[in-house]
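Reader: Could you take me through one part of this structure slowly? I'd like to start with how the two copies sit together and then look closely at a sheet in one of them.

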There are 2 protein chains.
Amino acid sequence: MDQVDELIRVGYRVRADRANAQDLARAIALEQTVELPENQLDEAIREEVMGEVQTIENDPVFPGCQRVRIAYRAGLAGGGLGVLFNLLYGNVSMYPGVRLLDVDLPDSLLAEYPGPRYGIAGVRGLLGVHGRPLLATALKPRGSPIERLASMAEAFALGGGDIVKDDQNLADADLDAFRRRVDACAVAVERANERTGRRCLYLPHLAGPDGSLEKRAEFIRARGLAGALVCPLLVGLDRARSLARDYDLLFMAHPALSGVYTQDGEQGVAHHLLLGTLFRLAGVDISVFPAPGGRFDVDAEQCGAIAKALTRPLGKLSPAFPAPAGGMRLDTVEALVRAYGRDSVWLVGGALHGHAGGVAGGTRAFLEALRERFDERVKPPAEDFASACELPSSGRQAIQTLIAARDDFRWQGRDDQVYKTTQELGFRGVRRVELVGRHGEEAGFELRYFELEPDGYTSLEKHVHTHVLIGARGEGVLVAGEARQILEPNDVAYVAPLEVHQLRNESGEPFGFYCIVDRERDRPMPP
Amino acid sequence: MDQVDELIRVGYRVRADRANAQDLARAIALEQTVELPENQLDEAIREEVMGEVQTIENDPVFPGCQRVRIAYRAGLAGGGLGVLFNLLYGNVSMYPGVRLLDVDLPDSLLAEYPGPRYGIAGVRGLLGVHGRPLLATALKPRGSPIERLASMAEAFALGGGDIVKDDQNLADADLDAFRRRVDACAVAVERANERTGRRCLYLPHLAGPDGSLEKRAEFIRARGLAGALVCPLLVGLDRARSLARDYDLLFMAHPALSGVYTQDGEQGVAHHLLLGTLFRLAGVDISVFPAPGGRFDVDAEQCGAIAKALTRPLGKLSPAFPAPAGGMRLDTVEALVRAYGRDSVWLVGGALHGHAGGVAGGTRAFLEALRERFDERVKPPAEDFASACELPSSGRQAIQTLIAARDDFRWQGRDDQVYKTTQELGFRGVRRVELVGRHGEEAGFELRYFELEPDGYTSLEKHVHTHVLIGARGEGVLVAGEARQILEPNDVAYVAPLEVHQLRNESGEPFGFYCIVDRERDRPMPP
């Protein structure tokens, strides 16, 4: 599959008359790819790298504007959503009067993005609720005691609500405070679920110092929760994608900060492209956006376009739920039904919290209004999260606790592996056992055992990742840089980044050692 | 230090007459904190959480607009730049006609942000160049063969240039391609530096799939480079901060995508706040922004404000370099000197690449123009990166290769530690040795040895992080959940997330085992 030959077709609206639009379009095509004047480019770069202006037409809506379509080589956009977004709009975001309207991605590039893990079908499968829109709410206000947030969540679940999420303002700087709060709300929702026999989902807000996001995601999973609320534009769009993938999370996305992208109709990024297509590429299952009639500046057409972008065919990506929010009231139900239909999540705030019957009463009233208009079907929820997923899980699961040693440095449930599959770097007489890290364990490292027969040696190589070794059997030699060290049982050794190293067995007996490495690591290079 | 009592004062410009501005300001104060109508709030939340409108004044520049100042509790903004940005502008970004102008952060919050690692003084120290603006360029265009990029870098360094960075369009999807390209350019610049006796810095672009950024940052450091180019708005603002901190990197920031924040004068975020203050909080040492006269839509006043925000007093944060870019030509030198003065980095592109004398000739011509106007002083560059830093390094350094075992399960250079500093969770007779991970080693895990005397036991506890154990001496019992396993030498065991566990020595001899854990991990909890 040669991406270089496939094209990404991008639509912009530019504020210019036809004659100037030609120059501007050309400037965009250069700016976004080579950033040099065309006369400084050689033939190959012009042919293979530079963007190409395809069409320029009068904008059917905005007088004095033109619609420009530019094609870029798909090979320029590999490597995540940051790189893709940069190609589409990085520098021209600073041009006056250039708005990014839409993008048509080729299949080769779409294949890099598995998209929503659950999607509409998966979220419904998790809940066991079919045939009607889903009802969601947010825990708020920030500053409330944990018990109050937990009882709010419980009341919503008891009222029959489907999804309760943290308000996007709920963000504990401290990891332990986050765990306490999430645990309390999860307990409350679980208690309610036991009473109702349903599965209301609780989605905590995945926010905080960047370095703590993995720990928070791990806690969410370990605590048995299906997913999280995330603000992709605050944590980073590709960062969100990466977290959703690594932690098997259902993601409800909040549009915080999206106004800077979308608000100015003549510049920035179209609503549907940002909150629809790009969020879906990031793996978002439910995309929250402000609905007309609330306190935000949006119109019905923009919202319809977002909903369409979330659900229209897009490579092999599952459709995601549109989730209108803001100003959702019982007296606007008819309009919401018309605008979003069955496959939507209604995120209702004030109308539940301010309801005369409390949160539970408000939830019941809303559900009643939905059931009057839709043919609700309730099925048993999916047995476990994985069975509701549209995507295979990343393989994190609980596993064998004891890997018992046998007498000859072999282990139960662990076979010998080949040391390396290619002879490129050279080695001799090496046995390898993958003890921990390749069998579903959750850890940032792997533990292996290597054994060298007499005169055996490992590859002479270097890499950025480090080795930690523990001598286990016999005596061997560690060559590392200029040094030569004898390694005997229980000696510990550390091989620093890019240090050229090799293990050798110069004795007449087997030499065995444990080796610990980071799970994510680079490939060895020759010295 | 009680952040709750300290205030963040935030300035917005709102498009409204005086009477409506009052309501709008109140709405912002609610939106950004509690997201509920005031009548649904209890007294404590109103007092301690809700934002407070402080002043409303006519905007001195924009007719029909008001300047609003709102105070938020500093405690709401802890936990990184994503959380802070959300408080300042998350939801109101979606309001019509509300622009974020400036922010005054209290010292308690500023203390969370060490800021630029090098800053102006540190970058100068690294280079050994004082008294004049620094000259920088970008390697481009994308699609050029590696050798051409490398020879471009070499020519710039031979011409006496100070900093050569990747173009922000240079982004290899593949990690190994990135390493090959970076290595080739680094070799070329090092070769030039040997000839000139100077230290030209090469900064590769830190971009690509989010999950690969750590590996790329590690490679940059391991390759002996001081830092990188980063697009904070593409990788995520707090993600950038976190990478700069964890990898001791000098960061030159590129403003890609910043136009969506800044372009619309009535909405979005002021240039100086985004590219100045927020980037500086993220640890940026050099902030690139488009200068007037180039192909971007900016004016001199905005650029002046960015430069000021980068250099004005801000807690204990070092000042960062403003780096005007775009349309920098020999015939605009006078204007640039007047606008930015001595402490600036001039990022020059086309004027070098298109120079009749080639890149080396163009570089020399620019430096000559600078030396005519400034009193250049050249000193020997700092011996190593750390000595030029304004901040202490995060402690990554090369260390002891062999930690040799003694007969009694003690190790050279590693003392016994107390098992735990509090008796909160209960334990008895436990000896602990930190073998690898706390002595400057670069690894995502730690290796420890624990030894229990007869009748000794570790705390009965649980945590999200997992344990991997290797039996080393004697015989012990691992209690994990419902299971009880005997652990003997070379048995390997895995303790899953949140599994309640304990190690016990029920024998008459010492029981010792290795334990491997993730370096970043949560604290143990009682069962």
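Author: Sure, and keep in mind that this is a predicted model. Let's start with the pair. Turn chain A by 180°, with a shift of 0.0 Å along the axis, and it can be laid on chain B with an RMSD of 0.1 Å. That's the relation of a two-fold axis. The same surface serves both copies, too: 100% of the contact residues of chain A recur in chain B. If you want to find the axis on screen, look for A:G236, since among the residues of chain A its C-alpha comes closest to the rotation axis, at 2.0 Å.

Now for the sheet in chain B. It's an open sheet of five strands, and reading across you get the order β2-β3-β1-β4-β11, with mixed pairing. At the edges stand β2 (52-58) and β11 (268-269) of chain B; each has a single partner strand, so one side of each is left without a neighbour in the sheet.

Next, zoom in on β1 (residues 7-15) and β4 (residues 98-104) of chain B: this pair is antiparallel and is joined over six bridges. To pick out one spot, go to B:G11, whose bridge partner in β4(B) is B:D102.

Helices come into the picture as well. Helix α3 (residues 81-89) of chain B packs on the sheet and touches β1, β3 (65-73), β4 and β11 of chain B. The direction of α3 makes about 125° with that of β4(B). Then there's helix α12 (residues 271-281) of chain B, which lies across β4 and β11 of chain B and runs at about 35° to β4(B).

Conventions:
Residues are numbered from 1 along each chain as its sequence is written. Chains are lettered from A and ligands numbered from 1 in the order in which they are written. This is a predicted model: local features need pLDDT of at least 70, side-chain atom pairs count only at pLDDT 80 or more; totals for chains, interfaces and linings use all residues. Copies are superposed by least squares on the C-alpha atoms of residues with pLDDT of at least 70 in both. Two residues are in contact if their C-beta atoms, placed from the backbone, lie within 7 Å. Two strands pair if DSSP finds at least two bridges between them. Helices (H or I, at least four residues) and strands (E, at least two) are DSSP runs, numbered from the N terminus. Axes are lines fitted to C-alpha atoms, for helices over the stretch in contact, and angles run from 0 to 180 degrees between N-to-C directions.
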